[in-house]
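Trainee: I'd love to take a close look at one part of this model with you. Could you walk me through it slowly?

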Amino acid sequence: MKPITIYGIPNCDTMKKARSWLEAHGVDYTFHDYKKVGIDAERLAAWSKKVGWETLLNRAGTTFRKLADSDKQDLNEAKAIALMVAQPSLIKRPVLELGGGKLLVGFKREIYADALPG
């Protein structure tokens with residue numbers, strides 16, 4: 001099986017739950033910290049093609065609420081990706097890249113249990 005990568009920020013409660021689940025189920029993974037490493041537009045565009053930019057953009061978080069109204073208006077894929085590159089906290093967490101091009105966005109125990117070994 002290809003390596004699993006989980007993308008997010010370390011202090012996010014949802015990230016902590018997802019990482020705890022992975023560890024409790026013996027799933028090996030690599031953690032990609034947006035705060036330290038960032039994220040590139042190409043990867044976000046590829047994810048967007050798989051799940052849609054609307055799924056990736058975290059509209060419920062503080063970072064989105066603090067955006068200028070002009071940034072929130074007329075959102076489209078290109079604008080959303082540019083915002084997420086500039087402020088990775090706008091990306092819904094976690095994003096889990098599995099082998100075979102499979103992508104999980106967000107954390108739900110039952111979805112992880114269905115998609116992952118362990």
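Which residue in E2 is the bridge partner of Thr5? Please start there and show me what surrounds that pair.

Mentor: Happy to! Keep in mind that we are looking at a predicted model. The bridge partner of Thr5 is Thr30, which sits in E2. That pair belongs to a set of 5 bridges joining strand E1 (residues 4–8) to E2, and these two strands run parallel. Another pair worth finding is Gly8, which stands opposite Asp33 in E2. Between the two strands the chain passes through H1, going from E1 to E2, and this β-α-β crossover is right-handed.

Now step back to the whole sheet. It is open and built of 4 strands in the order E2-E1-E3-E4, with mixed pairing. Strand E2 (29–33) and strand E4 (103–105) are the edge strands, each pairing on one side only. From one strand to the next, the twist averages 20°.

Next, the helices that lie on these strands. Helix H1 (residues 13–24), the one in the crossover, lies across E1, E2 and strand E3 (95–97), and its direction is at about 160° to E1. H3 lies across E1, E3 and E4, running at about 85° to E4.

From H3 you can move on to H7, since helix H3 (41–51) is included in what covers the buried residues of H7, along with helix H4 (53–56) and helix H6 (69–72). The buried residues of helix H7 (residues 77–86) include Ala80, Ile81, Leu83 and Met84. These four cover an arc of only 160° around the axis, which puts them on the same side of H7. On the other side of H7, Ala78 and Ala86 are exposed. Ala78 is also worth a look at the start of H7, where a side-chain oxygen of Asn76 comes to within 3.2 Å of its backbone nitrogen.

One last stop, reached by way of H4: Asn58 lies in the loop between H4 and helix H5 (62–65). Is it buried or exposed? Its relative accessibility is 16%, so Asn58 counts as buried, the cut-off being under 20%. Leaving out residues up to four places away in sequence, Asn58 touches Phe64, Ser89, Leu90, Ile91 and Lys92.

Methods:
Residues are numbered from 1 along each chain as its sequence is written. This is a predicted model: local features need pLDDT of at least 70, side-chain atom pairs count only at pLDDT 80 or more; totals for chains, interfaces and linings use all residues. Side-chain values use heavy atoms; hydrogens and water are left out. Buried means under 20% relative accessible area, exposed over 50%, partly exposed in between (1.4 Å probe, protein chains only). The arc is that of the directions from the helix axis to the C-beta atoms. Contact means heavy atoms within 4.5 Å. A polar contact is a pair of N or O atoms within 3.5 Å; within protein, one must be able to donate a hydrogen and the other to accept it, and residues adjacent in sequence count only if both atoms are side-chain atoms. Two strands pair if DSSP finds at least two bridges between them. Axes are lines fitted to C-alpha atoms, for helices over the stretch in contact, and angles run from 0 to 180 degrees between N-to-C directions. A crossover is right-handed if, with the strands pointing away from the viewer, the path from the first strand over the helix to the second runs clockwise.
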